[in-house]
Amino acid sequence: MKDTFKHKGLRKKLVEEVRNKGIKDENVLSALNNVPRHFFMDSSFLEFAYQDKPFPIGSGQTISQPYTVAFQTELLEVEKGNKVLEIGTGSGYQACILIEMGARVYTVERIKSLYNKTKVLLEQMNYFPKMFYGDGYKGLPAFAPYDRILVTAAAPYVPEGLLKQLKPGGIMVIPVGAADTQKMQKIIKLKDGSLDINDCGYFRFVPLLNDRS
Ligand code: SAH
């Protein structure tokens, strides 16, 4: 697949659209400008890659809307060198945005076929997050603690294991709630271990899955 002049132009427009919707962090906007989103979509959706919309990626899952990706990434306040745990690899798009921000990314996916497909794609694109097939409810204790944790599927509650794996001083961004709508929460773990929980608006994600698929 190629990243043509046309794709780059469409991407610039998308970045401006996302900026106009309120995203201010220039590092987030330039990451969005650097990652060719059309690489992550099935070919039948190629022409839609630079619309600010979610799209199906197979197995009943979606690649999130670019604005939502930018919003979550901005809330996460990623700093260069941060160790970031992402729950819900999906297409791998969000993981690449985090890598562009200078993060060391660990990402977990529950659906084997998506995990396999995305692993191949990201290697081809020269992005190398540490990828795991597993259950995001449990996080990834072997590599904890993390500076940042980003959950990209709807969580009915904040999983205890994830809170444990967050460093004191760390930030977790997670959409919490039932199937139809979730509250975006930015959870800051203070140095003494207590939690500062901030509500940041309503979004709609596919649900975190419980059973191994
Ligand atoms: N971050 C993704 C969007 C993901 S959609 C992207 O940039 O494309 C949510 C993803 O979470 C789906 O791929 C879904 O299969 C995955 N998922 C659902 N339940 C999960 C769980 N318990 N653990 C890990 N991943 C899960």
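This passage looks at one helix, the largest pocket and the cysteines of a predicted model.

Helix 5 is a good place to start. It runs over residues 112-124, 13 residues in total, and reaches 19 Å from its first C-alpha to its last. That span is close to the 18 Å expected at 1.5 Å a residue. Five of its residues are buried, namely Leu114, Tyr115, Thr118, Leu121 and Leu122. These residues lie on the same side of helix 5, because they cover an arc of only 135° around the axis. A general rule helps here: an α-helix has 3.6 residues a turn, so residues three or four places apart point the same way. The buried residues of helix 5 pack against another helix, helix 4 (93-100), and against strand 1 (55-58), strand 2 (61-63), strand 4 (104-109) and strand 5 (130-133). Just after helix 5 comes asparagine 126, which takes a positive phi of about 65°.

Attention now turns to empty space. The largest pocket has a volume of about 520 Å³. It is lined by 36 residues, and the closest to its centre are Gln61, Thr62, Thr152, Ala153 and Val206. Two or more lining residues come from each of strand 2, helix 3 (66-76), strand 3 (83-87), helix 4 and strand 4. Strand 2 gives the largest share, three residues.

Finally, the cysteines. A disulfide is a covalent bond between the sulfur atoms of two cysteines. A search of the whole structure finds zero disulfides. Cysteine 96 counts as buried because its relative accessibility is 0%, under the 20% cut-off. Cysteine 200 is also buried, since its relative accessible area of 18% falls under 20%.

Note on methods:
Residues numbered from 1 in each chain as written. Predicted model: local features only at pLDDT ≥ 70, side-chain atom pairs only at ≥ 80, totals over all residues. Heavy atoms only, no water. Disulfide = S-S within 2.5 Å. Buried < 20%, exposed > 50% of the residue type's maximum accessible area, 1.4 Å probe, protein only. Helix = DSSP H or I, 4+ residues; strand = E, 2+ residues; numbered from the N terminus. Expected span 1.5 Å × (residues − 1). Arc of directions from axis to C-beta. Contact = heavy atoms within 4.5 Å. 1 Å grid on protein atoms, 1.4 Å probe; cavity = no way out; pocket = protein on both sides within 12 Å on 5 of 7 lines; lining within 4 Å. Points joined across faces, edges and corners; volume = space filled by probe spheres on them.
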